[in-house]
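Here is a quick tour of a protein model, written to be read with the viewer open. Take a look at the structure, then follow along below.

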There are 2 protein chains.
Amino acid sequence: LAMRNRGFFEGRKVLALNLVSSPGSGKTALLERTINELGAQIAIGVIEGDQETDNDAQRIKATGAKVVQINTGAGCHLEADIVARAINALDPTNNSIVFIENVGNLVCPALFDLGEQAKVAILSTTEGEDKPLKYPHMFRAAQVLLINKIDLLPYLKFDINKCIANALAINPSLKVMAVSAQEGTGMQLWYDWLKANILAPARG
Amino acid sequence: LAMRNRGFFEGRKVLALNLVSSPGSGKTALLERTINELGAQIAIGVIEGDQETDNDAQRIKATGAKVVQINTGAGCHLEADIVARAINALDPTNNSIVFIENVGNLVCPALFDLGEQAKVAILSTTEGEDKPLKYPHMFRAAQVLLINKIDLLPYLKFDINKCIANALAINPSLKVMAVSAQEGTGMQLWYDWLKANILAPARG
């Protein structure tokens with residue numbers, strides 16, 4: 001089923017990204033700013049995964065982007081079949097980006113392919129620089145790591161260079177960017193990465 | 001097997017607490033301070049759960065407390081059988097406290113009974129006040145909620161009263177305490193709770 005999703009995305013030339021992180025790392029804030037600052041240039045759709053509530057979907061809806069909420073109940077991660085139904089409901093336009101915001105969980109979503117082109121891990125500075133070593137599966141599965149909440153660095157004991165070194169020790173090909181989704185710092189690097197990775201336009 | 005662990009703890013009059021939270025909420029820092037400030041009065045043992053590394057066990061060992069590390073590999077939570085083996089290795093003294101630091105995961109550990117007397121959830125102020133609503137299973141399963149990192153409140157958009165209201169909406173009997181494990185604020189409330197809940201001395 002993940003392959004079917006992948007085929008669908010390829011068919012529509014949609015860049016699908018699976019956003020994975022602990023709860024509260026700032027995934028939704030990152031999406032809000034990304035849509036606000038990039039949405040005029042590139043069509044963006046969002047699939048929101050949460051155990052309960054549609055809070056995040058409401059936040060995304062307020063940006064004007066198309067959004068579909070999935071509630072997993074007791075489930076700890078999204079799976080390809082439920083994402084397939086959400087894709088049909090979202091009906092993304094050709095050449096768009098679809099962000100799949102996974103359930104906040106730095107462990108389980110690492111193991112599940114949803115048909116995305118890449119997993120993007122978000123780690124907040126408040127979580128500590130040792131997390132790539134302690135939860136290596138996620139950092140191995142990801143192609144991009146956004147270190148978020150760098151605006152809080154002055155108030156934390158967090159060594160960002162050590163964090164980056166730890167992440168690269170686990171996954172040397174990881175593309176690491178330091179950002180503040182709240183204040184906007186570093187976000188241009190992320191937008192540049194997105195623009196470099198959107199798929200060539202579909203015909204017709 | 002959880003019942004066997006529970007029986008063992010009751011037999012030795014050990015207060016066993018299952019510490020559950022997202023990665024980076026400060027569970028280990030909380031244990032370090034608790035052992036440093038309470039360890040002279042009450043014997044404390046720790047079972048450390050992590051996917052990889054023994055970083056946390058090393059930190060606990062430095063406090064002088066007895067500690068046993070469990071690495072779960074790809075596993076996302078501790079289960080009763082592996083904890084049973086750790087209990088045997090830890091061999092806790094009568095009338096002690098055993099803290100079981102679960103894998104950092106606000107989702108899966110909610111569903112697994114390890115034989116503990118109570119689950120203690122830790123939520124850091126950096127994670128956002130909506131988390132009890134979005135991950136209700138954990139907040140329903142817990143008897144105690146420690147809201148940690150209150151030293152960061154001046155730098156965050158985090159409404160602690162809303163967070164407490166959200167937690168109590170999910171679980172009205174939850175005992176909520178606001179603390180800073182790093183600076184020590186509010187920790188006396190936690191120590192008072194521990195002292196009120198240690199088991200009556202075992203005979204002999």
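## Starting at Ser21(B)

In which strand of chain B does Ser21(B) have its place? This is a predicted model, and in it Ser21(B) belongs to strand E1, which covers residues 15-21 of chain B.

Ser21(B) is buried because its relative accessible area is 0%, under the 20% cut-off. Its side chain is joined to that of Ser25(B) by a polar contact of 2.5 Å. Looking past the neighbours within four places in sequence, you'll find Ser21(B) in contact with Lys27(B), Val103(B), Gly104(B), Asn105(B), Leu106(B) and Ile122(B).

## How the two chains relate

To lay chain B over chain A, turn it by 180° with 0.0 Å of shift along the axis; the RMSD comes out at 0.0 Å. The two copies are thus related as by a two-fold rotation axis. Both copies use the same surface, too: 100% of the contact residues of chain B recur in chain A.

## Asp50(A), with contacts in both chains

Next, pull up Asp50(A), which sits in strand E2 (residues 44-50) of chain A. Is Asp50(A) buried or exposed? With a relative accessible area of 1%, Asp50(A) is buried.

The side chain of Asp50(A) has a polar contact of 3.5 Å with the side chain of Gln69(A). If you skip neighbours within four places in sequence, the contacts of Asp50(A) in chain A are Asp56(A), Gln69(A), Ile70(A), Asn71(A), Thr72(A) and Val103(A). From chain B, Lys134(B) and Tyr135(B) are also in contact with Asp50(A).

## Leu146(A) and its surroundings

Leu146(A) is in strand E6 of chain A, residues 144-148. Leu146(A) counts as buried because its relative accessible area, 0%, is under 20%.

How far apart in space are Leu146(A) and Ile122(A), C-alpha to C-alpha? The distance is 4.8 Å, although 24 residues separate Leu146(A) and Ile122(A) in sequence. Ile122(A) is also one of the residues that Leu146(A) touches, once residues up to four places away in sequence are left out. The others are Leu30(A), Val120(A), Ala121(A), Leu123(A), Met177(A), Val179(A) and Trp190(A).

## Two residues with positive phi

Thr53(A) isn't a glycine, yet its phi is positive, at about 75°. You'll find Thr53(A) in the loop between E2 and H3 of chain A.

Over in chain B, Lys149(B) is another residue other than glycine with a positive phi, near 65°. Lys149(B) lies in the loop that runs between strand E6 (144-148) and helix H7 (160-170) of chain B. Why does Lys149(B) count as buried? Its relative accessible area is 14%, and the cut-off for buried is under 20%, so Lys149(B) qualifies.

## The largest pocket

The largest pocket holds about 750 Å³ of space. It is lined by 36 residues, and those closest to its centre are Gly128(A), Gly26(B), Ala29(B), Arg59(B) and Gln182(B). Elements that give two or more residues to this lining are helix H5 (131-134) and helix H7 (160-170) of chain A, plus helix H2 (27-38) and helix H3 (55-61) of chain B.

Which element provides the largest share of the lining of the largest pocket? That's H2(B), with five residues. By type, the lining of the largest pocket divides into nine nonpolar, 12 polar and 15 charged residues.

## The second largest pocket

About 640 Å³ of space lies in the second largest pocket. Of its 34 lining residues, Gly26(A), Ala29(A), Arg59(A), Lys149(A) and Gln182(A) are the closest to its centre. Helix H2 (27-38), E2 and helix H3 (55-61) of chain A each supply at least two residues of this lining, as does helix H5 (131-134) of chain B.

H2(A) gives the most to the lining of the second largest pocket, at four residues. That lining has seven nonpolar, 13 polar and 14 charged residues.

## One closed space

How many cavities of 30 Å³ or more does the structure hold? There is one, and the largest cavity has about 40 Å³ of space.

Both chains contribute to the lining of the largest cavity: Pro23(A), Gly24(A), Ser25(A), Ser124(A), Thr126(A) and Glu127(A) come from chain A, with Pro23(B), Gly24(B), Ser124(B), Thr126(B), Glu127(B) and Lys149(B) from chain B. The residues lining the largest cavity are two nonpolar, seven polar and three charged.

Notes. Residues numbered from 1 in each chain as written. Chains lettered and ligands numbered in written order. Predicted model: local features only at pLDDT ≥ 70, side-chain atom pairs only at ≥ 80, totals over all residues. Heavy atoms only, no water. Buried < 20%, exposed > 50% of the residue type's maximum accessible area, 1.4 Å probe, protein only. Polar contact = N/O pair within 3.5 Å; in protein donor to acceptor, adjacent residues only side chain to side chain. Contact = heavy atoms within 4.5 Å. 1 Å grid on protein atoms, 1.4 Å probe; cavity = no way out; pocket = protein on both sides within 12 Å on 5 of 7 lines; lining within 4 Å. Points joined across faces, edges and corners; volume = space filled by probe spheres on them. Nonpolar A, V, L, I, M, F, W, Y, C, P; charged D, E, K, R; others polar. Least-squares fit on C-alpha atoms with pLDDT ≥ 70 in both.
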